[in-house]
Each structure stands twice: as C-alpha cells, then as structure tokens.
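Good morning, everyone, and thank you for making room for this on the agenda. Before I begin, please have the sequence and the model open in front of you, so that we can go through them together.

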Amino acid sequence: MHEMANIVIVGGGAGGMEIATKLGHQLGRKGKARVTLIDCAESHIWKPLLHEVATGALDIGIDAISYRGHAAAHGYHFQQGAMTDIDREAKQVILAPINDAKGNELLPARRIDYDYLVIAIGSIANDFNITGVREHCVFLDSTEQAMEIRSMLLNKFMRYASDNQLADKIKIAVVGAGATGVEMSAEMHHAVDQLRGFGYKIDSSLLEITLIEADERILPKVEKAEISASVAKELTAIGVNVMTNTRINQVTEEGLHTSEGEFIPSDMVIWSTGVKAPDFLKEIGGLESNHINQVMVNQNMQTTRDPAIFAIGDCAACPQEDGSWVPPRGQSARQMALMTADNIKLLLDGKPASNNYVYKDLGALVNLSKFHTVGNLMSFIGGGVMVEGKIARFVYTSLYRRHLIELHGPIKGTLLMFAKGISRIVHPHLKLH
C-alpha cells in the first residue's frame, strides 16, 4: 500500500478553512490523505466581521469557530503555530515555538511534513513605510487586533462617560476608505448609540470620526461610482467627516500630517489602507514573490518555482490572460480554494493540475451597520445591478450564512444560524468584556 499523502494548509481564514473542509470530507475521512490545517490562532472568525468584533457588536465567544473542534468533525487535523520558513528540499513547513504570556515555551519549534502545501495566509494593511504608522496606529488584520481596538474604544468611552469635565470630543481617524474603513466608521457610531443602553452618559455628538482616503472617492475599488456616492452621503449624514484626495505622510502621537501640510488631530488612528502579504512571505523557501510579498503563482494556483506548493487568496499573485492580476477579494479567495482542492485531487490521481482560475467579479456589498446597506451584484454582466436597503442587507447577511453552511453543512449550518439569531435576541447587543 502507498503511504497516505500529507496535504498541509497554512492559514485558517475563509479560503484556508474551505479548502481544509472540502479535502477533509473528500480525502481525510476516506483515508486517502492526511489533511492538516495550521494557524497561529485557536479559532476562526470570518474576516469581514472583524469591524464588528472591534466595536463589540459581535461576540467571538458565540461566533468564533474552534479549529480543533471543526477539524475533529470534518476529517482533517489542526496544528497551532506560526510558519516561519519552508524547507522545500525536505518538504517540511517550519513552525515557530509557542510561548505563554510570560514567555515560557509551551511548544518548541516544529517541522510538519507535506507532499502538497497550500499557503493561504491572507493579507495585512500596508503601511507604505510612512513614518509613525507602525508606532502610532492600530490595525484590523486579526481577531487579536480587533479585540485590542475594542478595549481601547471602550476605555475611551468609559472615561468620557464618567468625567463630566471632559469637553473635547473623542477624535478617531480611520485611514483607508475601502470596505473595512467605511464599515468600521459606521459601526463605531452604532456602538455609541448602543452604549447609552448600558448606562453610559454619552451620545454620538461626543464622537468625531474622520475617514481619510487618498483616492478621489471612497470605495475606490468598487466599479460603480454611484455606490461610493451613496455611501459617502450616508456617512456624512451620521456625522462622519469624509476626506478624499488626502495622503498621509506622517503619523505622530497627536495625529496625522498630510502631504498638503494639514494636521488632523486624533486620539486614535485606525490604519486600514493598502494590501500586502505579511513580510515573512517575501521569497520564503526560495519561492518567487512580488513587491508586496505575494507569492507568484500560475493560473492553476501552483507556485511558479514549485508545483508541490500552491498559494491562494490575498497572499497569492495570480495572473489572468488579459495581463491583469486577480484582486485581493474574499470571493476570489473562496473560488481559488475550491478550485485548488480539485487540482490537488487531480495530482493525487496522477493527473496534471489542469483547472485554471478565471476571476469573475460577482459584485461588492457595503454594510453601514444599522444605517444603510448598498452594493452591486453580478458585476461581470454588463456592469451589474445596484442594490440597496433591505435587499442589499439580505444579500450581505446571506454571504456569511453561505460561509457557515459550507463549513458546517446545510443542517448544522442552518441550526447555527438560528442559534446565533436567538443569542442576539437574548444577549446584549454589545460585548463589553
């Protein structure tokens, strides 16, 4: 008998979870391969919901999915750890040691064997080497960072609610008016409204949010300018100061300096602009990478220098026949994951990985908390159809529901949706601890 192939997936985001689940069902459960998912965290949160974690609107105790529990139920294995390197000659992933909060080593550095490796690490915000960004800004790339923002926000709200002598507003700047920055700006206003129900003597007039975008309009990656205009109008209506055509060239403890010489005072700066792969991916294991650390792949998602290694999602630079590159979108990561699973199964059967990824823009949706939802559907067909209001909100929530069903199956996924709905009725609308 042939020894079972080891398929290792590094990164437990939406793409990594979906490929691990699919291969776990089709190969792991049937003893055709050993599928292992590696992530530095213990649980999975759908990344488009991180802004809700940051404001307390989403309780990770309810919505987080345990990697270990999910792995046991779906035919794959889980290893916690952070990848530091790839030994391509030995076909091993090298993981860093795991330490506790006091620095004591819990697990030593490890090596995980693979026959096929999938890198699905995702992306982080790009600081563009701007002075002061790393020192004075907070980021929204992970659950841990979202929890840090939530703690900082609640501390500021508590201080203002308990000290009547504080006359100044809480000044928060959000740099980057993509979907994350836009949704975070609206969610913070909603959080202030909700906090009044917990006895906080504050209202939205105490919050001064400035949303800053270098492009000429917010949501610059959304094709339809009407969507950007609709969102900008709604944000302005709830009190967000929207600044476009504004480039930041320095961040200090007191605020932001623009390239035009303007100073924007801020008590807190949330940096959500730009996309790059994590720095440690730069030419990791001798693989080819681009200027933003993305691993270079062919259209079948195999890396250009090693057919046994795949990369998917935001950390992959995938070319298209027209010379363009697949944009870093959640929808493309999911589609890449499912196609890559099929290609790996072909390789296990002794066939070439013949499926090539062709990007089709299915549209974009932006949810401004309770205030407004707007978007564009099926963009690849004649520019798509613009939707807003209740229809857009329904489609937006359906994306997360689909994610749950794909990870848990239709029966358990539907039951989880009902459970989460009931929880939101019986539990407070904000998580304050």
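What percentage of the 433 residues of the protein count as buried? The figure is 51%, and I should say straight away that this comes from a predicted model, so please hear every value today as a computed one.

Let me start with the whole chain. The protein has 11 helices and 26 strands, and its accessible surface comes to about 20,200 Å², with 52% of that belonging to carbon and sulfur atoms. If we take the contacts whose separation is 6 or more, residues 24 or more positions apart account for 62% of them.

From there I would like to turn to one sheet. Strands 24, 25 and 26 form an open sheet in the order 24-25-26, and the pairing in it is antiparallel. Strand 24, which covers 363-368, and strand 26, which covers 385-388, stand at the edges with a single partner strand each, so one side of each is left without a neighbour in the sheet. From one strand to the next, the twist averages 10°. Looking at one pair in detail, strand 24 and strand 25, the latter being residues 372-377, are joined in the antiparallel sense over six bridges, and you can find Asn367 standing opposite Thr373 of strand 25. Across this sheet lies helix 8, residues 225-237, which meets strand 24, strand 25 and strand 26 and runs at about 175° to strand 25.

Next, a single residue. Is Gln299 buried or exposed? Gln299 sits in the loop between strand 20 (295-296) and strand 21 (302-303), and its relative accessible area is 16%, which is under the 20% cut-off, so Gln299 counts as buried. Leaving aside residues up to four places away in sequence, Gln299 touches several others, among them Cys318, Pro319, Gln320 and Glu321, as well as Met339 and Tyr357.

Finally, a word on empty space inside the model. Rolling a probe the size of a water molecule over the atoms shows where such space is left. How many cavities of 30 Å³ or more does the structure hold? There are two, and the second largest cavity contains about 30 Å³ of space. The residues lining that second largest cavity include Gln294, Gly313, Asp314 and Ala316, together with Val326, Pro327, Pro328, Ser332 and Met336.

That is where I will stop, and I am happy to go back to any part of the model.

Definitions and conventions:
Residues are numbered from 1 along each chain as its sequence is written. This is a predicted model: local features need pLDDT of at least 70, side-chain atom pairs count only at pLDDT 80 or more; totals for chains, interfaces and linings use all residues. Side-chain values use heavy atoms; hydrogens and water are left out. Two strands pair if DSSP finds at least two bridges between them. Helices (H or I, at least four residues) and strands (E, at least two) are DSSP runs, numbered from the N terminus. Axes are lines fitted to C-alpha atoms, for helices over the stretch in contact, and angles run from 0 to 180 degrees between N-to-C directions. Contact means heavy atoms within 4.5 Å. Buried means under 20% relative accessible area, exposed over 50%, partly exposed in between (1.4 Å probe, protein chains only). Accessible areas come from the Shrake-Rupley method with a 1.4 Å probe; for residues, only the protein chains shown count as cover. On a 1 Å grid over the protein atoms alone, a cavity is a set of points where a 1.4 Å probe fits but cannot get out, and a pocket is an open set with protein on both sides within 12 Å along at least five of seven lines; lining residues have an atom within 4 Å of a point. Grid points are joined across faces, edges and corners, and a volume is the space filled by probe spheres set on the points.
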